[in-house]
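Reader: I should like a close look at a single part of this model, namely the surroundings of the ligand. Please set out what lies around that site and how the neighbouring elements are arranged.

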Amino acid sequence: MSAEVFDGFAFSEGIYEGLRSRVLKLKARGIVPGLAVIYGKGVLPAESYVRAKIKASAKAGVSCGIIPMRASDSERDYVRTIQRVLKDKEIHGLILVKPFPERVNPDKLESLTSPDKDVEGLGAFHFGKFFMARRFEEIEEEGLIVPATALAIAEIARKSIPSLKGKKALVVGRSNIVGSPAAHLLTMMDVTVTLSHSKTKNLKKEVHEADIVVSAVGRPHLIHGSWIKKGAVIIDAGTSSVRGKLTGDVDLNGALKKAALVTPIPGGVGPVTAALLLRNVVSLAERRLP
Ligand code: NAP
């Protein structure tokens with residue numbers, strides 16, 4: 001058996017197509033959706049993240065303002081910059097790209113974001129509304145702002161398995177940004193979900209019992225191919241750099257022999273996440289319509 005390798009770039013094209021028509025409607029009403037990205041200039045992972053955001057925004061027709069911070073900038077400089085962005089009516093979403101300099105407290109910066117620009121959906125307002133929702137359809141119907149990687153995982157699962165109802169999923173990793181919202185999204189789609197973490201006793205057994213395995217840990221090859229149930233769908237969001245090469249949590253070669261579908265790193269969950277983050281910007285812009 002050789003699994004299908006999911007093509008995140010091809011899948012994201014459909015999302016961008018939908019976005020472009022929503023953006024055109026907004027523009028016809030005088031609103032250009034705008035994203036602002038604040039990052040530390042010269043920080044390499046941040047620089048490549050920023051380039052990806054510029055490219056994705058252009059594809060969606062969203063305006064993207066890049067705000068580089070200098071290595072010498074203080075926490076007060078960051079706070080002032082964020083406050084300026086929050087007041088800017090032409091910006092509908094703000095991303096703070098980590099890592100920040102050591103002297104800057106990330107929790108303090110993140111606590112400044114307001115619900116109308118919380119494109120990552122991590123503030124209490126959107127996070128709370130999302131966890132109160134029970135049906136997956138409510139996300140689009142209500143324009144809920146959900147952490148984009150978790151949403152990408154759910155969309156990939158929905159696309160790959162025609163009938164998700166009653167399937168068993170294992171989500172490895174319980175962070176607010178990926179694992180926990182991914183588990184909630186799958187539950188909304190009537191999947192029976194196990195949420196595992198660093199204290200889970202027998203990960204091998206949990207993986208072996210799952211029809212869908214989602215991994216969001218950041219540990220290369222944590223999940224062995226031999227553990228995987230025959231015909232399972234493997235969605236890998238973990239990203240680590242091994243000798244300069246991006247690597248997922250799942251042993252890809254081993255998984256290819258057992259699974260029905262595997263998302264690669266890079267080119268799997270990542271491009272879908274990028275498109276869905278832009279969808280969050282557009283949803284926030286639509287909320288401003290009179
Ligand atoms: P995180 O906050 O560090 O969470 C990692 C999770 O993995 C924790 O819940 C941790 O368990 C669990 N874990 C650690 N070791 C484990 C083990 N041996 N077995 C099972 N679970 C284990 O990380 P994150 O921000 O969610 O990111 C996870 C991965 O996804 C990273 O590779 C990251 O690059 C990638 N990613 C992140 C984002 C993002 O926006 N942050 C987006 C896309 C992809 P405990 O809770 O018990 O500590």
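Author: The account below begins with the ligand and then turns to the residues and elements about it. The model is a predicted one.

There are 17 residues around the ligand, and those that come nearest are Arg 174, Ser 175, Ser 198, Gly 218 and Thr 239. Three polar contacts through the backbone can be described. The ligand has an oxygen atom 2.8 Å from a polar backbone atom of Thr 239. Another contact concerns Gly 218, where a backbone N or O atom lies 3.4 Å from an oxygen atom of the ligand. At His 197, a polar backbone atom is 3.4 Å from a nitrogen atom of the ligand.

Gly 218 also leads to Ser 240. The backbone oxygen of Gly 218 lies 3.2 Å from a polar atom of the Ser 240 side chain. Ser 240 belongs to strand β9, and it counts as buried because its relative accessibility is 11%, under the 20% limit. Leaving aside residues up to four places away in sequence, Ser 240 touches Gly 218, Arg 219 and Pro 220, as well as Lys 245, Leu 246 and Thr 247.

Two residues of this region have an unusual backbone. As a general matter, most residues other than glycine have a negative phi. His 221, in the loop between β7 and β8, has a positive phi of about 60° although it is not a glycine. With a relative accessibility of 46%, His 221 counts as partly exposed. Arg 243 is found in the loop between β9 (240-242) and β10 (245-247). Its phi is positive too, at about 45°, although Arg 243 is not a glycine. Arg 243 counts as exposed because its relative accessibility is 81%, over the 50% limit.

The sheet comes next. Six strands form an open sheet with parallel pairing, in the order β1-β11-β8-β7-β5-β6. Its edge strands are β1 (4-5) and β6 (192-196), each of which pairs on one side only. Helix α8 (residues 179-188) packs on this sheet and touches β5 (168-172), β6 and β7 (212-215). The direction of α8 makes about 170° with that of β6. Elsewhere in the sheet, strand β8 (residues 233-236) pairs with strand β11 (residues 261-262) in the parallel sense over two bridges. Val 233 stands opposite Leu 261 in β11.

The loop between β11 and α11 holds Pro 266. The peptide bond from Ile 265 to Pro 266 is cis, with omega near -5°. A further cis peptide bond runs from Lys 98 to Pro 99, with omega near 0°. Pro 99 has its place in the loop between β4 (93-96) and α4 (106-112).

Helix α7 (residues 148-160) completes the picture. It has 13 residues and reaches 18 Å from its first C-alpha to its last, close to the 18 Å expected at 1.5 Å a residue. Its buried residues are Ala 148, Ala 150, Leu 151, Ala 152, Ile 153, Ala 154, Glu 155, Ile 156 and Ala 157. What covers the buried residues of α7 includes strands β7 and β8, together with helices α1 (8-28), α6 (137-142), α8 and α11 (269-286).

Note on methods:
Residues numbered from 1 in each chain as written. Predicted model: local features only at pLDDT ≥ 70, side-chain atom pairs only at ≥ 80, totals over all residues. Heavy atoms only, no water. Pairing = 2+ DSSP bridges. Helix = DSSP H or I, 4+ residues; strand = E, 2+ residues; numbered from the N terminus. Contact = heavy atoms within 4.5 Å. Axes fitted to C-alpha atoms, helices over the stretch in contact; angles between N-to-C directions. Expected span 1.5 Å × (residues − 1). Buried < 20%, exposed > 50% of the residue type's maximum accessible area, 1.4 Å probe, protein only. Near = heavy atom within 4 Å. Polar contact = N/O pair within 3.5 Å; in protein donor to acceptor, adjacent residues only side chain to side chain.
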